[in-house]
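Got the viewer open? Here is a walk through a handful of stops, with what to select at each one.

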Amino acid sequence: MDGLSNISTIKEILSKHGFTFSKALGQNFLINPSVCPRIAEMGNARPGFGIIEIGTGIGVLTNELAKRADKVAAIEIDERLMPVLAETLSEYDNVKIINDDVMKVDLHKLIEQEFQGLEVAVCANLPYYITSPIIMMLLEQRLPIRSVTVMVQREAGTRLCAEMGTRDMGAVTVAVNYFSKPQLLFNVSRGSFMPAPNVDSCVVRFDLREETPAGVLDEGFFFRTVHAAFSQRRKTLANSVASGMSAEKALVNRAIEQAGLPASIRPEQLDMQQFIAFSNELLKIIK
Ligand code: SAM
């Protein structure tokens, strides 16, 4: 069904089904008609691709994906939206709706079952209460996917797409750069949603790396080090890691020195290779 981003169409559909928005589920639906076609086009929705969508709402983005890609598997947690989607997506035979929590769906199995012979990408206007867990779950599982294109809060997008070694970066910046090449695509104002959230948004794309950076001795330890490094803003790497990992500061200082870094360095000053070198040295010293 076209015109799904038109406010009067949305209101008519929602009132017909007696639907009321759930704040807890992050239900802010898109009402700006130019946004979904752009997400679909920049998110690899095209022939030869199967698309996983997370959080359909009434199906405004699902429509644009189904028009362009070979197949769409759309996961929506809210059972109340099932009859709405049956109506708004009735003209497509290439859409499969999965009524479940995306964090509980076996995505490897879904891809194997639904997307045989297709390349795969993820596109979504994410529920904001669970943005980082969803992105990390998609990246960490090493799914056979080409890209993840998602709408997130502007502030989250800035952090996710920050250059390594700059002030805006955080633990999540290191993690997304480890698995992918992140890119900020475009900004979306709060007025593009109903109900309007109290923050602006942006669309970001993660192009997954075929190989993650080489040389990491222990991936689990590497990510523990990164999380500890950013656990206390504005502290030195030595102080944050010593307290975040309950390690002796003298040992952390030795690892910093052996990685060839200055003692006073702050976590946001490290690039990927320096984080890897530091975590490897720390592993050798304290494990
Ligand atoms: N795609 C629609 C749009 O752009 O208008 C809706 C986007 S809305 C920001 C987020 C959607 O994600 C809601 O429909 C909500 O019910 C759904 N959702 C929330 N938590 C979810 C979860 N854990 N798994 C799957 N869907 C979820």
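Is F21 buried, exposed or partly exposed? Select F21 and check: its relative accessibility is 31%, so it counts as partly exposed. Keep in mind throughout that this is a predicted model.

**Stop 1: aromatic pairs**

A search of the whole structure turns up nine aromatic pairs. One of them joins F21 to F29, edge-to-face, with 5.1 Å centre to centre and 70 degrees between the planes. Add F29 to your selection: this partner counts as buried, because its relative accessibility is 8%.

Now jump to Y178 and F223. They also make an edge-to-face aromatic pair, at 5.1 Å centre to centre and 80 degrees between the planes. Colour the helices and you'll find Y178 in helix α8 (residues 171-179) and F223 in helix α9 (residues 219-229), so the pair ties together parts that are 45 residues apart in sequence. Y178 is buried at 1% relative accessibility, and F223 is buried as well, with a relative accessible area of 13%. Widen the selection to take in F179 and F222, since those two form one aromatic cluster with Y178 and F223.

One more ring before moving on: show R38 and F186. The charged end of R38 sits over the ring of F186, 3.9 Å from the ring centre.

**Stop 2: E76**

Select E76, which you'll find in strand β3 (residues 71-76). Which side chain of opposite charge is nearest to E76, and how far away is it? That would be R80, at 7.7 Å; E76 is buried yet has no salt bridge. What the side chain of E76 does reach is the backbone nitrogen of D78, at 2.9 Å. Display the surroundings too: setting aside neighbours within four places in sequence, E76 is in contact with residues including Q27, T56, L81, M82, N99 and D100.

**Stop 3: S201**

Next, go to strand β9 (residues 201-208), where S201 is located. S201 counts as buried, at 0% relative accessibility. Turn on the side chains of S201 and Y128 and you'll see a polar contact of 2.7 Å joining them. Beyond four places in sequence, the contacts of S201 also include M151, V152, N187, V188 and F193.

**Stop 4: helix α6 and what follows**

Select residues 131-140, which make up helix α6. How many of the ten residues of this helix are buried? Seven are, so α6 is largely enclosed by the rest of the structure. To highlight them, pick T131, I134, I135, M136, M137, L138 and L139. Then step off the end to R142: just after α6, this residue takes a positive phi of about 50 degrees.

**Stop 5: E219**

Keep R142 on screen and add E219, because a polar contact of 2.7 Å joins their side chains. E219 lies in helix α9 and counts as partly exposed, at 31% relative accessibility. Which residues does E219 touch, leaving aside neighbours within four places in sequence? They are R142, Y178 and T212, and Y178 takes you back to the aromatic cluster from the first stop. For a last distance, label the C-alpha atoms of E219 and I276: they are separated by 9.5 Å, with the two positions 57 residues apart along the chain.

Definitions and conventions:
Residues are numbered from 1 along each chain as its sequence is written. Side-chain values use heavy atoms; hydrogens and water are left out. Rings of Phe, Tyr and Trp (its six-membered ring) pair if their centres lie within 6.5 Å; planes under 30 degrees apart count as stacked, over 60 as edge-to-face and the rest as tilted. Buried means under 20% relative accessible area, exposed over 50%, partly exposed in between (1.4 Å probe, protein chains only). Helices (H or I, at least four residues) and strands (E, at least two) are DSSP runs, numbered from the N terminus. A charge sits over a ring if NZ of Lys or CZ of Arg is within 6 Å of the ring centre and within 35 degrees of the ring normal. Lys and Arg count as positive and Asp and Glu as negative; His and the chain ends are not counted. A salt bridge is a side-chain nitrogen of Lys or Arg within 4 Å of a carboxyl oxygen of Asp or Glu. A polar contact is a pair of N or O atoms within 3.5 Å; within protein, one must be able to donate a hydrogen and the other to accept it, and residues adjacent in sequence count only if both atoms are side-chain atoms. Contact means heavy atoms within 4.5 Å.
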